[in-house]
Amino acid sequence: MGSANSCIATEKTAVVMGGSIAGMLTAQVLTKHFDRVIIVERDLLKEAAEPTQRPGVPQSFHAHALLLRGQQILEHLFPGIITELADSDAPIINWTADSLWLSIRGWVPRFDSQLITRTCSRNLLEWTIRKRLTANDRVEWRSATQVTDLLTNKASVSGVRIRTANEPEVEIIADLVVDATGRNSRTPHWLQAMGYEPPQETVVNSFLGYASRWYEFPADLQKDWKAVYITTQAPGTRGGVIYQVEGNRWIVTLSGVGRDYPPTDEAGFLEFARSLRSPIIYETIQKLQPLSPIYAYKRTENCLHHYEKLSRFPENFLVVGDAVCSFNPVYGQGMTTAALGAMTLDECLSQQGNSIGLSRRFQKQLNKVISVPWMIATGEDFRWSTTEGGQTSLINKLMQKYLEQLLVLQTQSPEIHQLFLEVMHMQKQPRAFFHPRILMQVLKQVFTSQGQGENLSNGESLATSLPAVVE
């Protein structure tokens, strides 16, 4: 590892490695606590009058969801930004009224609610955030630049060594360095080089793959919805989604679990859509004009680096976003979890500043934020016998059985469906599923179905074990 040159800092400087959404939200938070925030991004970022594709985000061709909690945090960090998305033609969607939702147990009811967001492409979202950050005079961008090493001073990180194109390497001295470089983070390697233990890693892989295509939506096409979600029902492995984004475009993403990957040829893509539990996506895209090729993506494993468990960790250094935890993207939790991580950093810095112990404290607090979306994503992936890695606990198994009964009620009850969406959009914690009123409905469902002779996968065991789950 490199050693920092001696110098006297005249201002507090933070460096963020990685300029994707996690890095940009982190940088915005850091502008509250540091005089200068430098974002080091590997991609070449050019000023553009409209959103463009960034090579470092291959998954931007696919469906992305910034959940309601994520949009609330985005508006908090950048006041007025949701209006900017609206001005860029990002459609508004009421998730209970404007979407058709085919759950594992059937179609769910439609009704009006306050679960309202803007839907847009990943490119538009990044471009809009980047414009706001670029206008902040505390932020400095170093694009087409790579961090080659960390600078260290005893038990702390004191900066980074960077290289831009073919130019000589230079050093940036910093009071705080944050790794937001995503799944390909080099932090485990750097920790080893510094004499620290690398973090343990948990990987849960359901071998899900998806394929996406963009379409133009004709104005004369009659429809009473803005989105359709067809979830996967075992033993079937296939699902799909279609929804509207800016520019009167529609994105279709088809997914398959257990290596049942959607084809990327025209005929195969259409046939895969036709094979879903409902023909609505297939029948719709037959009427649409394609605007893009068919893009595939298969790197969907859940991967958690346990930085929170390390007994030793360098000071003045943090790891955020996908560099800590990446989720199966099909559940749409990544961007919102990154936003929650940025707010967690703000809280930690507000409480103790960049003092000794911040790094370990932040990683522990971040792990608490990650734990709920991790439980949801891996819990869903563990439903498949083909899933590899990790271990599911007895509590998680009981939780899954409980949720199976909630899914039955979801098709009958607007209250249950809204609760599901509120948990999905991170407005409520999963413990809301165990509110006494909800709990009684589930138990009634269990015993009613048992009385009708249905196989409820040990429903009696579920009922008698629920107290342990609730606790």
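R383 is partly exposed, with 24% relative accessible area. In this predicted model, R383 is the partner of E380 in a salt bridge whose closest N and O atoms lie 3.2 Å apart.

**Confidence of the model**

Across the protein chain the mean pLDDT is 90, and 93% of the residues reach 70 or more. Two stretches fall well outside that description. In residues 3–9 the pLDDT is below 50, and the stretch makes 10 contacts in the model beyond near neighbours in sequence. Residues 455–471 also have a pLDDT below 50, and there the corresponding count is 28 contacts. Where pLDDT is low, predicted coordinates should not be read in detail.

**Salt bridges**

The total number of salt bridges is 24. Side chains of opposite charge can pair when their charged atoms come close. Three of the pairs are listed below.

| Salt bridge | Closest N to O distance |
|---|---|
| E171 and R161 | 3.0 Å |
| E380 and R383 | 3.2 Å |
| K428 and E422 | 3.0 Å |

The pair of E171 and R161 links distant parts of the chain: E171 belongs to strand 11 (residues 170–173) and R161 to strand 10 (residues 156–164), with their positions 10 residues apart in sequence. The two partners fall into separate accessibility classes. E171 counts as partly exposed because its relative accessibility is 29%, whereas R161, at 17%, counts as buried.

The pair of K428 and E422 can be described likewise. K428 is partly exposed at 39% relative accessibility, while E422 is buried with a relative accessible area of 13%. Elsewhere, salt bridges with shared partners join E41, D43, R54, R122, E126 and R130 into one network.

**S20, helix 1 and helix 2**

Several members of that network recur around S20. This serine sits in the loop between strand 2 (13–17) and helix 1. A relative accessible area of 18% is the reason why S20 counts as buried. Apart from residues up to four places away in sequence, S20 touches E41, R54, R122, E126 and A180. By contrast, R213 lies 193 residues from S20 in sequence and 23 Å from S20 in space, C-alpha to C-alpha.

Helix 1 follows this loop. Because 10 of its 10 residues are buried, helix 1 is largely enclosed by the rest of the structure. Those residues are I21, A22, G23, M24, L25, T26, A27, Q28, V29 and L30.

Helix 1 (21–30) is also one of the elements covering the buried residues of helix 2; the others include helix 3 (81–87), strand 7 (116–118), helix 4 (122–134) and helix 8 (334–352). In helix 2 (residues 68–77), the buried positions are L68, G70, Q71, I73, L74 and L77. An α-helix has 3.6 residues a turn, so residues three or four places apart point the same way.

**Packing of helix 10 and helix 11**

Two packed helices are described by the angle and the distance between their axes. For helix 10 (residues 394–410) and helix 11 (residues 414–424), the axes come within 7 Å and cross at roughly 125°. That crossing angle makes helix 10 oblique to helix 11. On the side of helix 10, the contact is formed by L403, L406, L407, L409 and Q410, and helix 11 contributes I416, H417 and F420. By class, the contact contains 6 nonpolar and 2 polar residues, with no charged residues.

**Loop residues**

Y196 is located in the loop between helix 5 (187–193) and strand 13 (201–204). Its relative accessibility is 7%, and Y196 therefore counts as buried. Neighbours within four places in sequence aside, Y196 is in contact with A155, L191, R312, F313 and P314. Y196 and S311 are 115 residues apart in sequence, with a C-alpha to C-alpha separation of 9.3 Å.

Two further loop residues are notable for their backbone. D89, although not a glycine, has a positive phi of about 80°; this aspartate lies in the loop between helix 3 and strand 4 (92–94). With a relative accessible area of 45%, D89 is partly exposed. N316, likewise a residue other than glycine, has a positive phi near 65°. The loop that holds N316 runs between strand 20 (302–305) and strand 21 (317–319). N316 is buried, with a relative accessible area of 18%.

Notes: Residues are numbered from 1 along each chain as its sequence is written. Side-chain values use heavy atoms; hydrogens and water are left out. Buried means under 20% relative accessible area, exposed over 50%, partly exposed in between (1.4 Å probe, protein chains only). Helices (H or I, at least four residues) and strands (E, at least two) are DSSP runs, numbered from the N terminus. Contact means heavy atoms within 4.5 Å. pLDDT is the predictor's confidence in each residue, from 0 to 100. Axes are lines fitted to C-alpha atoms, for helices over the stretch in contact, and angles run from 0 to 180 degrees between N-to-C directions. Angles under 35 degrees count as roughly parallel, over 145 as roughly antiparallel, 65 to 115 as roughly perpendicular and the rest as oblique. Ala, Val, Leu, Ile, Met, Phe, Trp, Tyr, Cys and Pro count as nonpolar, Asp, Glu, Lys and Arg as charged, and the others, Gly among them, as polar. A salt bridge is a side-chain nitrogen of Lys or Arg within 4 Å of a carboxyl oxygen of Asp or Glu.
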